[in-house]
Structure formats: C-alpha cells, structure tokens
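Trainee: I should like to learn how to read a structure such as this one. May we begin with the terms and then turn to the case at hand?

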Amino acid sequence: MPLAMNKEVFITCAVTGSGSTQDRSPHVPRSPQQIADSAIAAAQAGAAIVHCHVRDPETGTPSRDLALYREVTELIRASDTDVVLNLTAGMGGDIVFGPTDAPLPVREGTDMIGAEERVAHIAECRPEICTLDCGTMNFAEADYVMTNTPGMLRAMGQMMTDMGVKPEIEAFDTGHLWFAKELVREGVLEAPALVQLCMGVPWGAPDDLNTFMAMANNVPDDWTFSAFALGRNQMAYAAAAVLAGGNVRVGLEDNLWLEKGVLATNAQLVERAVGVVEGMGATIIGPDAVRKKLGLTKRMPV
C-alpha cells in the first residue's frame, strides 16, 4: 500500500492505564480527581479523546470499581473543556497461571468476570467510545494471559453496539484485526470501525516498521485507525501513524518519559505530539470534528 499521509489528525491521550506504573512517576494519576484533572489538561493541550482506566485512590493499583468510573466521567463531563471520553472495557479477562509443572489452580491476580459485568460501567457512564481488546495474548509479565475469547468478544461487542457506544478495537497483532473484520461481517460491530494499533506490547506485534505497515495494511480503507508504541518510540510512532494515514495516541499509559531523565505529564506528551503532527504539515482536529467523523454522540451518565 502506498503511503497516504493523514492531513487531519486527532490525538488520543491514554491517561493512566492499568500497568504497574503508579510508583514509577509522581505524574501517574490515581484518584478520580487526579485522573479527570490530567485528562482535562491533556484536552487543553490538544487531545480530542481521553482514554481512561481507574485506579484505587490509595494504592494506585488498577480497579474495576464502577463508582470510580462514574466519578471520573462526571468530573470530565462537568468541565468547561470539551473532550471525547473513551473508557476501557479491557479489565476482567486476566488469568495468572501457576508454575509449568502445576499451572492450576490459577494464581493471585486472576480476574475473570462475565461479559455483562465487564461492560457494566460502560452502560452506566455512556462514554462516546470504549475499548474492545480483540484477542487473547500472552501479556508481558510471568504466565499472565489476557483472555478475550471469540464468544466473549461477540457478547461484549454486541452490548457496546446496542448501547450506542463506539468500540475502539484494540489490535495487538494481525490476527486481532482478522477477527475484528469478522465481527463487522457478522454485524456484531458496525462499519466503518475504529481501530487502535498497539505496537511493542510484549508479546504482541513488535514495533518495527515492517510489522506496523503489515498491521496498517490490514485495516480496511473505510475504517479509522490510530497507533501507538510503548516507551521511547512513542513520539516516533506519532509520526509513523500520521504518515501511514492514521491518528495518534500518546500518554502515561504507554510511556512515562518526555526525554531521557525527564518524567512527563500527560499534557506535555500531548503538546509534544501536537508539535510532531503540525511539523509534518497536518492539522490537529478537536472533539466536535472527531464526533462528526466517527458518528459519536456525547451523553451524560445515567
């Protein structure tokens, strides 16, 4: 596929994530107020979309507490700064196995719940977008598996569609895109779909450019995609994504550093990404333009 640079780019800021970063930087937000404030600052810096997880306010560990999601949503919606809200629906599919000679029973850290519970906060908070991790993979640490079976994805995807919330397909490898296209073919997800290409997450797609272009080339022409890479390649992928015809994701979920030895804030990462995009001759679009482009409706929590 020849390169077709995107001239009108939106930036997503992944504000806090669910990784064990809470004690590695003082800028990783924990409480609902901190998460909302960081999201709003990112929007003021140029992010059209904020992607939010929640954390235990005391420990900083990832949480599925519906009350925390609702508080974050209400704080962002009450702000004078408009932004598209994207809530994770990736929690609740974790299996941690025991040692190779005794993998069962599963170990502490396992968090497996049903489809309806996994999207309960989406039904109540009604964001414009929520994530759908479109496959199972060995995920980074120890014998931890991120589990998203075909049946689970069909159930969650249909619930999201019925709620009127746009799923953002999280594709960690080419097979995830293959299954996403099947979900659209079956009518579980509506076309044109929205995709996030997740590069450099062990042990998914590595963040070399050959793999990235294989991923980008597998996104249907009428779909919209963004891309990111972890760590030091975050800004390089801001440029690569735009050059390949996509949009940009940055944020503390994926990278803690502004430069060597300097810990970043979400707003600083967005500002840096704005500079990259505009330096390439593209225009940054805001939340209203994104809603129009993706067919999104802004709603308040129920």
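Mentor: Let us start with contact, which means heavy atoms within 4.5 Å. Leaving aside neighbours within four places in sequence, Ala123 is in contact with Met163 and Val302. This is a predicted model, in which local features need pLDDT of at least 70 and side-chain atom pairs count only at pLDDT 80 or more, while totals for chains, interfaces and linings use all residues. Residues are numbered from 1 along each chain as its sequence is written, and side-chain values use heavy atoms, with hydrogens and water left out.

Trainee: In which helix does Ala123 lie, and is Ala123 buried or exposed?

Mentor: Helices (H or I, at least four residues) and strands (E, at least two) are DSSP runs, numbered from the N terminus. Ala123 belongs to helix H4, residues 120–125. A residue is buried under 20% relative accessible area, exposed over 50%, and partly exposed in between, using a 1.4 Å probe and protein chains only. Ala123 is partly exposed because its relative accessible area is 37%.

Trainee: Which residues does Thr224 contact, leaving aside its neighbours within four places in sequence?

Mentor: Thr224 is found in strand S14, residues 224–229. Its relative accessibility is 13%, so Thr224 counts as buried. Among its contacts, with those neighbours left aside, are Phe10, Val195, Asn247 and Lys293. As for Lys293, its C-alpha atom is separated by 23 Å from that of Ala123, and the two residues are 170 apart along the chain.

Trainee: How should one read the buried side of a helix?

Mentor: An α-helix has 3.6 residues a turn, so residues three or four places apart point the same way. In helix H7 (residues 209–217), the buried residues are Thr211, Phe212, Met215 and Ala216. They cover an arc of only 135° around the axis, which puts them on the same side of H7; the arc is that of the directions from the helix axis to the C-beta atoms. The buried residues of H7 pack against strands S12, S13 and S14 and helices H6 and H8.

Trainee: What can be said of the chain as a whole?

Mentor: The chain has 10 helices and 18 strands, and 54% of its 302 residues count as buried. Among contacts between residues at least 6 apart in sequence, 73% join residues at least 24 apart. The C-alpha atoms fill a box of roughly 55 × 45 × 40 Å, taken along the principal axes.
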